[in-house]
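Visitor: I'd like to learn how people justify the words they use for a protein model. Can you take me through one?

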Amino acid sequence: MAAVRVSTVVLDARDAHELARFYRRLLGYVVRSEEPEWVLIGPPAGVEGVALALQGEPEYVPPTWPSRDPGEQQMMLHLDIEVDDLDAETARAVAEGARAAEYQPQDDVRVLFDPAGHPFCLWTEVREGQ
C-alpha cells in the first residue's frame, strides 16, 4: 500500500490572512504559500507537524459550540493542540486573539475560539500521580 498521510487541514474564514496571522503566532508556523484568498502555513523547516491552509470564504458562518439548536451551523472539526502548561498557553492564546468558551468540559482541556470562531482545544497530558 502507498504511504498515505494527512498533510494539511483547511479552515474557511471571512479573512484568510487574519486567521493565518493568528495561527502563525499561536503555533510558531511560517507561511509556505500565499494568494489573495488562500494562505498555507506550517511548521518551520525541520519541524514535523500538520500544515494549516486558511481559505477566504465570504459566506463563512462560524459554528455554534456546544451545539444547541437544530439549523445552527454545527462544528465539523476542531484542532487539538497539545501544550506543556495549560494555564500559560491559554493566557497566551487569549492574548493573541482567541476567546475562551463558556463551557469547559474537562480539567485538562481548554476550549477556545479562534478569531473566525472555530473551536480549538489546548490540552495537556495528565500523567499518573499528578
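Visitor: What makes the link between the side chain of H118 and the backbone oxygen of D12 a polar contact?

Guide: This is a predicted model, and in it the side chain of H118 reaches the backbone oxygen of D12 at 2.9 Å. The cut-off for a polar contact is a pair of N or O atoms within 3.5 Å, so the pair of H118 and D12 at 2.9 Å qualifies.

Visitor: Why is H118 called buried?

Guide: Its relative accessibility is 10%. Buried means under 20%, so H118 counts as buried. You'll find H118 in the loop between β7 (109–113) and β8.

Visitor: Which residues does H118 touch, leaving out those up to four places away in sequence?

Guide: H118 touches L11, D12, L19, Y60, P63, L112 and F113. Touching here means heavy atoms within 4.5 Å.

Visitor: Now for the helix. How do you know that the span of α1 agrees with what a helix should have?

Guide: Just do the check: α1 covers residues 16–27, which is 12 residues, and at 1.5 Å a residue they should span 16 Å. The end C-alpha atoms of α1 are 16 Å apart, so the two values agree.

Visitor: Which residues of α1 are buried, and what puts them on the same side?

Guide: They are A16, L19, A20, F22, Y23 and L26. These residues cover an arc of only 160° around the axis, so they sit on the same side of α1. As for what they pack against, the list is β1 (8–13), β3 (38–42), β4 (51–56), β5 (79–82), α2 (86–96) and β8 (119–123).

Visitor: What happens at the two ends of α1?

Guide: At the start, a side-chain oxygen of D15 comes to within 3.0 Å of the backbone nitrogen of H17. Just after α1, G28 takes a positive phi of about 70°.

Visitor: And the sheet? What is the order of the strands in the open sheet of four?

Guide: The order is β1-β4-β3-β2, and the pairing is mixed.

Visitor: Why do β1 and β2 count as edges?

Guide: β1 and β2 (30–35) each have a single partner strand, so one side of each is left without a neighbour in the sheet. From one strand to the next, the twist averages 20°.

Visitor: What makes the pairing mixed?

Guide: Go pair by pair. β1 and β4 pair in the parallel sense over six bridges, with A13 opposite G56 in β4. β3 and β4 run antiparallel and are joined by four bridges; L40 stands opposite A53 in β4. β2 and β3 are antiparallel too, with five bridges. So there are parallel and antiparallel pairs in one sheet, and the pairing is called mixed.

Visitor: How are β2 and β3 connected, and which residues face each other there?

Guide: A hairpin joins them through two residues. E35 has W38 as its bridge partner in β3, and V30 stands opposite G42 in β3.

Visitor: What makes β3 mostly covered?

Guide: Four of the five residues in β3 are buried.

Visitor: Where does α1 sit relative to this sheet?

Guide: α1 packs on the sheet, touching β1, β2, β3 and β4, and its direction makes about 10° with that of β3.

Notes. Residues numbered from 1 in each chain as written. Predicted model: local features only at pLDDT ≥ 70, side-chain atom pairs only at ≥ 80, totals over all residues. Heavy atoms only, no water. Expected span 1.5 Å × (residues − 1). Buried < 20%, exposed > 50% of the residue type's maximum accessible area, 1.4 Å probe, protein only. Arc of directions from axis to C-beta. Polar contact = N/O pair within 3.5 Å; in protein donor to acceptor, adjacent residues only side chain to side chain. Axes fitted to C-alpha atoms, helices over the stretch in contact; angles between N-to-C directions.
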